Amino acid sequence: MTAFPQAGPRRPVVAETRAELGEALAAVRARGGKVAFVPTMGALHEGHATLVREAASRTGGTDAVVVSIFVNPMQFGPHEDLDRYPRTFDTDLEVCAAEGVDVVFAPSVDEVYPGGEPQVTVEPGPLAEVLEGRTRPTHFRGVLTVVAKLFGLVRPDLAFFGQKDYQQLVLIRRMVADLCMGIDVVGVETVREHDGLALSSRNRYLDEEQRVLALGLVRALRAGAEAGAGGPAHALAAARAVLQDSPGVALDYLELTAPDLGPAPDEGEARLLIAARVGSTRLIDNTPLCLGRAGHHHERAGSS
């Protein structure tokens with residue numbers, strides 16, 4: 001088969017201001033096209049590319065895929081890694097071009113927060129006080145406020161978020177429902193590296209030895225999911241047993257919940273979530289699982 005040379009990927013329109021974003025999307029709106037939106041903080045990797053592909057798969061020729069690249073200062077606590085968060089804009093643009101993104105919205109902090117931190121913010125409610133919220137009390141206020149602002153600027157029909165940041169996904173869905181935003185929030189399955197580690201921009205902080213240690217999180221989640229047929233206590237015990245044999249993993253939390261982050265059921269669909277430090281790097285991960293007899297049937301079905 002003869003290989004014909006391919007034209008290079010079409011570069012997306014880069015909008016740095018609200019006005020430029022509006023101009024870039026005006027033609028899409030005029031023809032009645034849909035807008036599919038992938039908000040990111042940059043440092044794009046295969047996980048982000050997967051979100052973009054999912055967005056592209058749900059759009060057509062009259063529609064547009066928009067990616068935002070904005071490191072949001074409001075969601076970082078006073079001792080967190082805002083200053084060292086990786087900023088790789090040129091590489092990010094290459095990823096967007098390769099995936100066929102139509103518009104990249106890359107605003108400055110002043111463009112998103114004119115006049116400084118907003119006086120009106122989104123109160124995330126009780127779901128923001130558990131899991132990540134226990135150690136990062138202002139985090140989700142910052143996340144929901146910037147996502148609400150980005151939704152207002154982009155006005156998407158669909159928005160795509162990874163399931164790796166599961167609590168964030170649940171809270172964004174809750175915000176969209178409670179505030180009647182009329183956006184279809186799509187959760188996309190976690191993308192993993194060859195060894196099972198969930199893709200994250202923070203993985204680059206791990207040295208070779210820490211990288212091996214970090215796999216303890218993955219093994220714990222797998223053990224918990226496999227033990228789900230025995231019920232909630234069995235699932236948690238199996239995951240904890242793996243962590244006890246994982247030196248170098250400083251556990252923050254390991255919790256079993258319902259899919260909406262409410263109390264875990266005795267039977268049926270559930271979520272197992274973990275956060276831990278390896279060295280100075282904090283990692284989070286999670287997995288769906290089926291508990292009780294439902295889990296037993298689920299395992300049998302999956303093994304056929």
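This dialogue goes through some features of a predicted model.

Biologist: Where should I start, and which residue does the UniProt annotation "active site" cover?

Modeller: Start with what comes from a record, then turn to the coordinates. The "active site" annotation, taken from an unreviewed UniProt entry, covers His48. In the predicted model, His48 is found in helix α2, residues 46–57.

Biologist: Is His48 buried or exposed?

Modeller: Buried means under 20% relative accessible area. His48 has 14% relative accessibility, so it counts as buried. Setting aside residues up to four places away in sequence, His48 touches Thr40, Gly42, Ala43 and Ser201.

Biologist: Ala43 is in that list. What is its phi, and where does it lie?

Modeller: Ala43 is not a glycine, although its phi is positive, at about 50°. The residue sits in the loop between β2 and α2. Its relative accessible area is 1%, so Ala43 is buried. Arg155 also has a positive phi of about 50° without being a glycine; Arg155 lies in the loop between α6 and β5.

Biologist: Which residue does the "binding site" annotation cover?

Modeller: That annotation, again from an unreviewed UniProt entry, covers Gln75. Gln75 belongs to the loop between β3 and α3, the latter being residues 89–98.

Biologist: Why does Gln75 count as buried?

Modeller: Because its relative accessible area is 10%, and the cut-off for buried is under 20%. With neighbours within four places in sequence left out, Gln75 is in contact with Met41, Glu80, Arg136, His139, Gly142, Val143 and Val146.

Biologist: How do I read the packing of two helices?

Modeller: Two packed helices are described by the angle between their axes and by the distance between those axes. Take helix α1, residues 18–30, and helix α6, residues 139–154: their axes come within 9 Å and cross at roughly 50°. The two helices are therefore oblique to each other.

Biologist: Which residues of α1 and α6 meet?

Modeller: From α1 there are Arg18, Leu21, Leu25 and Arg29, and they meet Lys149, Leu153 and Val154 of α6. Sorted by class, this contact has 4 nonpolar, no polar and 3 charged residues.

Biologist: How many residues are in the largest nonpolar core, and which of them touch the most other members?

Modeller: Look for buried nonpolar residues joined through their side chains. The largest such core holds 42 residues, and those touching the most other members are Leu25, Val147, Phe151, Phe161 and Ile172. Elements giving two or more residues to this core include α1, β2 (35–40), β5 (158–162) and α7 (166–178). Helix α6 supplies the largest share, 9 residues.

Biologist: What is Phe151 in contact with?

Modeller: Outside its neighbours within four places in sequence, Phe151 is in contact with Phe37, Pro156, Ala159, Phe161, Ile172, Met175, Val176, Met181 and Ile183. Apart from the largest core lies another, of 23 residues, including Ala214, Leu221, Leu243 and Leu272.

Biologist: Two of those names, Leu221 and Leu272, interest me. What does Thr287 touch?

Modeller: Among the residues that Thr287 touches are Leu221 and Leu272. The others are Ala225, Ala270 and Arg271, not counting residues up to four places away in sequence. Thr287 lies in strand β9, residues 281–291. Thr287 counts as buried because its relative accessibility is 17%.

Biologist: And Ser68: where is it found, and is it buried or exposed?

Modeller: Ser68 is found in strand β3. Its relative accessibility is 0%, so Ser68 counts as buried. Beyond its neighbours within four places in sequence, Ser68 is in contact with Phe37, Val38, Pro39, Thr40, Phe105 and Leu150.

Biologist: How should I read a separation along the chain against one in space?

Modeller: Compare the count of residues with the distance between C-alpha atoms. Ser68 and Gly133 are 65 residues apart along the chain, and their C-alpha atoms are separated by 24 Å.

Definitions and conventions. Residues numbered from 1 in each chain as written. Predicted model: local features only at pLDDT ≥ 70, side-chain atom pairs only at ≥ 80, totals over all residues. Heavy atoms only, no water. UniProt positions renumbered as here; feature names shortened; annotations may be inferred. Helix = DSSP H or I, 4+ residues; strand = E, 2+ residues; numbered from the N terminus. Buried < 20%, exposed > 50% of the residue type's maximum accessible area, 1.4 Å probe, protein only. Contact = heavy atoms within 4.5 Å. Axes fitted to C-alpha atoms, helices over the stretch in contact; angles between N-to-C directions. Parallel < 35°, antiparallel > 145°, perpendicular 65-115°, else oblique. Nonpolar A, V, L, I, M, F, W, Y, C, P; charged D, E, K, R; others polar. Core = buried A, V, L, I, M, F, W, Y, C linked by side-chain atoms within 4.5 Å.
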